[in-house]
Amino acid sequence: MMPSYQFEIDEKSDASTRFISQVRDELVKAVLHEKKERNLSQHDIAQAVGTSPSVISRQLSGEANLTLRSVAEIAWALGWAPSFALRKPEIDVSGNFVKPELTAGPVEISRSTAFPRSSQRSNAIVFRSVA
């Protein structure tokens, strides 16, 4: 018989985990887009960032932590500009806190010149608040 484990995740941990997952998912989407559009490889991204392809692979798969710096550096290597917005949580009519959805709302991909990469196209991912 295998041991069974039960974990309770508090609201704070749940919120941060979902947000980090969303950021990672958006970064992976951008990487896949550039792989398709420009035939960009993880080796190319790693070389531009100044690290190894295995580090990029671990960051994108969730096996290694993504820092704000690493998100910005990978986005820069892709020719994309990250954007971020916060919103206040909603309060219902009885004054109770409404657990916010940590989706950033519609994701819009738009052109940006924030990180120009020579003749390469530059895109920004823009997170809009749902409220």
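Okay, let's start on the surface: F19, I20, F84 and L86 make a nonpolar patch of about 420 Å². Patch members have over 30% relative accessible area and no salt bridge (Lys or Arg side-chain nitrogen within 4 Å of an Asp or Glu carboxyl oxygen), and nonpolar side chains are joined within 5 Å. Areas are Shrake-Rupley with a 1.4 Å probe.

Quick caveat: this is a predicted model, so local features need pLDDT of at least 70 and side-chain atom pairs 80 or more, while totals for chains, interfaces and linings use all residues. Numbering runs from 1 along each chain, and side-chain values use heavy atoms, with hydrogens and water left out.

Now, L86 is exposed at 72% relative accessible area, and F19 is partly exposed at 32% (buried is under 20%, exposed over 50%, partly exposed in between).

Which rings pair up? F19 and F84, edge-to-face, with 5.7 Å between centres and 70° between planes. The rule wants centres within 6.5 Å; planes under 30 degrees apart are stacked, over 60 edge-to-face, the rest tilted. F19 sits in helix 1 (11-38) and F84 in the loop between strand 1 (80-82) and strand 2 (90-91), so the pair ties together parts 65 residues apart in sequence. Those are DSSP runs: H or I of at least four residues, E of at least two.

Inside, the largest nonpolar core has 15 residues, meaning buried nonpolar residues joined through side-chain atoms within 4.5 Å. Helix 4 (68-78) gives the largest share, five residues. V31, one of the members touching the most others, contacts I45, L60, I74 and L78 (heavy atoms within 4.5 Å), leaving aside neighbours within four places in sequence.

Definitions and conventions. Phe/Tyr/Trp six-rings, centres within 6.5 Å; stacked < 30°, edge-to-face > 60°. Buried < 20%, exposed > 50% of the residue type's maximum accessible area, 1.4 Å probe, protein only. Patch = residues over 30% accessible without salt bridge, like charges linked within 9 Å, V, L, I, M, F, W, Y side chains within 5 Å.
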